Each structure stands twice: as C-alpha cells, then as structure tokens.
Amino acid sequence: MATFQNPPQKSTDTNAVKTEEAPAINGNSPELTNGDKKHPTAALKTQPKAKTTGVVEGAGGSEKLSNAQLKKKAKEEKAARRAQEKQAKLPAILPDLKAPRKVETLEEIGRRGSAAAPPGTPIVKSHHKPTGSTQKSMPLRPAQPQTTTQTVQPKKDNKNVALFGHLYSQPRRTTIAAAGKDVHPAILALGLQMSNYVICGSNARCVATLLAFKRVIESYVTPPQNSLPRHLTSHLSPQIEYLVSCRPLSVSMGNAIRWLKLEINDVDPDTEESKAKADLCEGIDNFIRERITVADQVISNSAAEKIQDGDVILTFAKSSIVQQTLVEAYRRGTHFRVIIVDSRPLFEGKHLARALADLGLEVQYSLTHAIDHVMKDATKVFLGAHAMMSNGRLYSRIGTAIVAMMAKESDVPVIVCCESIKFTDKVALDSIVSNEVAPPDELIIQGESTTVLTAWRDSPNLQLLNLMYDVTPADYINMVVTEYGSLPPSSVPVVHRLSTNG
C-alpha cells in the first residue's frame, strides 16, 4: 500500500520578513566571559546590523514593503538595539533597583549619625524631600511640649499722636549736656532760656538771637589759611543747630539769620578782620533798630489811632506789639476797657493783665471757655502774630483761630499787628503740616497729684497733644497793620517782597 507524506507547509504569515539572525547575547557568550577584559558592549559593536529585505512572502507570492512600513520597521529595530545596549551597560555590582528599600526613621538616622560623628559635633538635619518614586515619606517624630516658658513683654504704648507723627523729632533740649565744643557760651544760655520759656515771643527771641550772634562775632578769630566770609558762616552752623535742638526757630529768627549770612558773604576778603567784625556788629544793631524797634513804634502809633473812647478791646494771650499799642492809646488819653482771653499751659495773658492793671487800665481776664460770653461786649479785637503767611493766613499762638472765628460770627472787626520781618513766602492751609509740638507734660497742672493726667503715661490709650500754634483763615481778618501801613491780608506777599528787596 502506497503511503503519501505531507509536503512541508509554508508559512502563511504575510507579515514575516526575512532577516539575518543576529547572534544571541547572553551570559554564555564567549565575548562576555569573566576572563575577557573587553567591555560588555564590545560584542554589540562588532555584530552586523540586521538587514531588511523589503520582501514579504504571502500566499500569492512575494510582496515588497512600502517606504512608510520600512521606516516603521527601522525605528522598532533601533529601539530594540538601544534597549539591549542600556541593559548591557549596567554593571553587575549595582543592586536591583526594583528591590524594596528599608526606610529609616529619624531616630535611627540620629543614632547612626551621633555614633559616627566625633563628640561635640552638631548634628545637621536635612530638610530636603525625597524625590524617588519608590521612596516613601519619612515618619516624623511627634512634637514634644516645651518645658521652658518665655515671658512675653507687654507692648509699650505709643504716646505720640499719629496724625502729628511727622512733627515729633528729637526731644527738646533742657540741658547743655552733649553740646558741641564750638557752641558759644552765650548761645548755650540763650538755648536754655528759650527752652524754659524765659525768653518767649517772636520778637524777643529774634532780638536775643541777634545779640547772641553779635557776641559770637566779637569773640571770633579767623583760623590761618582761611578767610572770614567763608569760615564765619560755617562757624555759625553749630550755633544754629544748638538753638534748633532747644526749640524750633521762629519765622522772624529765620529771616534774621538769612540776612546775617548775606551780610557775612558780602564782606570783602581783603578787609581787615577787626574792621569786618565791627561792621557786622554795627549791622546787627541797625537791623534790630530798623526792623523791630522802629517798626514796633510805627505800628503802635498807627494801631492806637483806631482805638476810640468807649471801646472794649479784646486780645488773646500776650503780644508785645499789642501791649505797646494799648499803652500808647492809654497815654493819649483814650478811655477804653481791655478784655484778655487766655489759655493753658503758658497763661501768657496773666503777664499782660498785670502790666496793664499796674498802668491803670481797666482789665478783665478770662479763659477761652468763656469766649462766647466776653465777645458780646467787645467792639474790636487786636491780635498779635507769630507769622503772616503768603496766602494771607495768620500763624499765631494756638487759640487765636477760635477768637477770630467768634469775632467774625459776632461782627467784631479783627485787626492784626505784625512787623514785616514776620512775613514769609510760605503758604499754610492748616496747622497740621507745619507746627511745633511742645512737651505734653506741660499740660499737667503743677502741684496737683490727684488729677487724671498725673499718671497719663501709665494710662493705656491716653495721649496728650500740646501744639504751640494754629492757622487763622484770611476771611476772619479785616486788617493787618505793618510799618508799611494798614493793608488787607491779600497784600502780605507784596509787602514781603518790598521788605526783602529793600
């Protein structure tokens, strides 16, 4: 019986591609033995790359691959070769990365680090977080309660008023301690007198400052290799700084100091020192006589003419030019009465009331809380000035604005007596931007220990504000009497230019 053998079946896989088989890479390869010193990748470099025939055997015969299919096959083969090379490059000594790792706690790390480090070495703890995907977060040691208690100091209460915080500078000097060695003794005494209100008032402070500078110039000696005009100006700087530390300069003092510096700069360097000093001292005397003494006489004579028989003159605090005006009117035989309104803490009106009463005038003294009552009897209001601003506003002792406002409401004319040396080109809209803050302890009534303000520094949320000046609007002022004549407040800048250029 005849037997038939089945013919060998051909592969029906149409995607089979004829390639040349590459030799297998395993641990039994002769090129990767331990005795061979070649790199494990040396065998890969010597092996030929697989070649693609680009022919596919199918049932219908051979079929060629397209370019896209060839490119895809090439990418797959390239990726396979790279994977084999990476696996071959890994050294055998590295541990298996897939094996689980033991996570040490902070206590174990601390014990291990303290055992390895020498005694006295501080242990530094790392704050870096683990970045590996197979690492777990390290367990944290629970926080232990603190055994030491820290004493919390109570916050010191700020006693400065926030709205006027820009006015609080260095505290007012009351002693000559830490004064510069270049400060003249006459300046040292003057500063303390102004700080303690022994010398008070714009005119009095201006005259005293010029007289003290006169003594400084008389005792001045020009150093070698220097000229008087240049060195004397710098010599006056520490004197001025000391006076400012005792109390801020008034407008009249500032104008006088500027005039004096100009006079020093105009001195001829070739002039003999003794003659130059004598000329400066004579100039100071002339300035005081013309700008203050004679000016006050002219103003008092002009203002006294405005006081008539039967008038009731109301004034606030104490002004030297107002006092001189009232005295001049009384000497002329005018019969009138004076009402003095005063306020704390200086009570300057007491000195004016005593001086007028000793002279023989009828005087009524009152405080600001009774201004509404005494204003009913007043026929004219005379006010002094610390300065006249360029916009026609009056800068004077605090409380002046209240008196002028009440006079305006009662249709009582307000007359301001002011010398041109007190005029300034500055503009003031309120009394907040520019002012002088006096020590708040001056508001405490001396000799009384049972008041609330006695221990005000220990009282929480209690602040004291002691301002020196306020600003009166020009609408409340009817007339300003100067040595140049009587004029409205709007003409103040014109007079200031005349007095400065003249």
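**Entry 1. Strand S6 and its neighbours**

I began with strand S9 (residues 414-417), which is joined to S6 by 3 bridges, the two strands running parallel. I note at the outset that the model is a predicted one. Within this pairing I looked up Leu383 and found that its bridge partner in S9 is Val416.

I then turned to the pairing of S6 with S3, which is also parallel and rests on 3 bridges. Here I recorded Leu314 as the residue that stands opposite Val381 of S6.

Which residues of S6 point one way, and which the other? I listed Lys380 and Phe382 on one side, with Val381 and Leu383 on the other. I found each of these four residues to be buried. The pattern agrees with the general rule that side chains of a regular strand alternate between the two faces of the sheet.

**Entry 2. Salt bridges**

I searched the whole structure for salt bridges and obtained 10. I examined several of them individually.

Staying with S6, I looked up Lys380, whose side chain meets that of Asp311 in a salt bridge at 2.9 Å, N to O. Asp311 belongs to strand S3 (residues 311-316) and Lys380 to strand S6 (residues 380-383), so the contact ties together parts that lie 69 residues apart in sequence. Are the two partners buried or exposed? I noted Asp311 as buried, with a relative accessible area of 9%. Lys380 also counts as buried, because its relative accessibility is 15% and the cut-off for burial is under 20%.

Next I took the pair Asp285 and Lys214, whose side chains form a salt bridge of 2.9 Å, N to O. The former lies in helix H8 (residues 273-304) and the latter in helix H5 (residues 202-218), so this pair ties together parts that are 71 residues apart in sequence. I entered Asp285 as partly exposed, at 28% relative accessible area. Lys214, by contrast, counts as buried at 18%.

I also checked Lys422, which forms a salt bridge with Glu419; their closest N and O atoms are 3.3 Å apart. I found both Lys422 and Glu419 to be buried.

Finally, I traced a network of salt bridges that links Arg172, Arg247, Glu436 and Glu442.

**Entry 3. The open sheet S7-S8-S10**

I looked up a sheet of 3 strands and found it to be open, in the order S7-S8-S10, with antiparallel pairing. Strand S7 (387-388) and strand S10 (469-472) occupy the edges with a single partner strand each, so one side of each has no neighbour in the sheet.

I followed the pairing of S7 with strand S8 (residues 394-397), an antiparallel one made by 2 bridges. In it, Met388 stands opposite Leu394 of S8.

**Entry 4. Charge on the surface**

Which residues gather in the patch of positive charge? I recorded Lys78, Arg81, Arg82, Lys86 and Lys89, together on the surface. I looked more closely at Lys89, which is found in helix H2 (residues 67-89). Lys89 counts as exposed because its relative accessibility is 54%, and exposure requires over 50%.

I then looked up another arginine, Arg230, in helix H6 (residues 228-246). I noted it as exposed, at 72% relative accessible area. Its C-alpha lies 9.7 Å from that of Val267, and the two residues are 37 apart in sequence.

**Entry 5. Backbone exceptions**

I searched the backbone with a general expectation in mind: most residues other than glycine have a negative phi, and most peptide bonds are trans.

Where does Tyr197 lie? I placed it in the loop between helix H4 (185-195) and H5. Tyr197 is not a glycine, yet its phi is positive, at about 65°. I found Tyr197 to be buried, with a relative accessibility of 18%.

Asn461 is likewise not a glycine and has a positive phi of about 60°. I located Asn461 in the loop between S9 and S10. Asn461 is exposed, at 75% relative accessible area.

Which peptide bond did I record as cis? I entered the bond from Arg344 to Pro345, with omega near 0°. I placed Pro345 in the loop between strand S4 (336-342) and helix H10 (349-359).

Technical notes. Residues are numbered from 1 along each chain as its sequence is written. This is a predicted model: local features need pLDDT of at least 70, side-chain atom pairs count only at pLDDT 80 or more; totals for chains, interfaces and linings use all residues. Side-chain values use heavy atoms; hydrogens and water are left out. Patches are made of residues with over 30% relative accessible area and no salt bridge: like charges are joined within 9 Å, nonpolar side chains (Val, Leu, Ile, Met, Phe, Trp, Tyr) within 5 Å. Accessible areas come from the Shrake-Rupley method with a 1.4 Å probe; for residues, only the protein chains shown count as cover. A salt bridge is a side-chain nitrogen of Lys or Arg within 4 Å of a carboxyl oxygen of Asp or Glu. Lys and Arg count as positive and Asp and Glu as negative; His and the chain ends are not counted. The place of a charge is taken as NZ of Lys, CZ of Arg, CG of Asp or CD of Glu. Buried means under 20% relative accessible area, exposed over 50%, partly exposed in between (1.4 Å probe, protein chains only). Two strands pair if DSSP finds at least two bridges between them.
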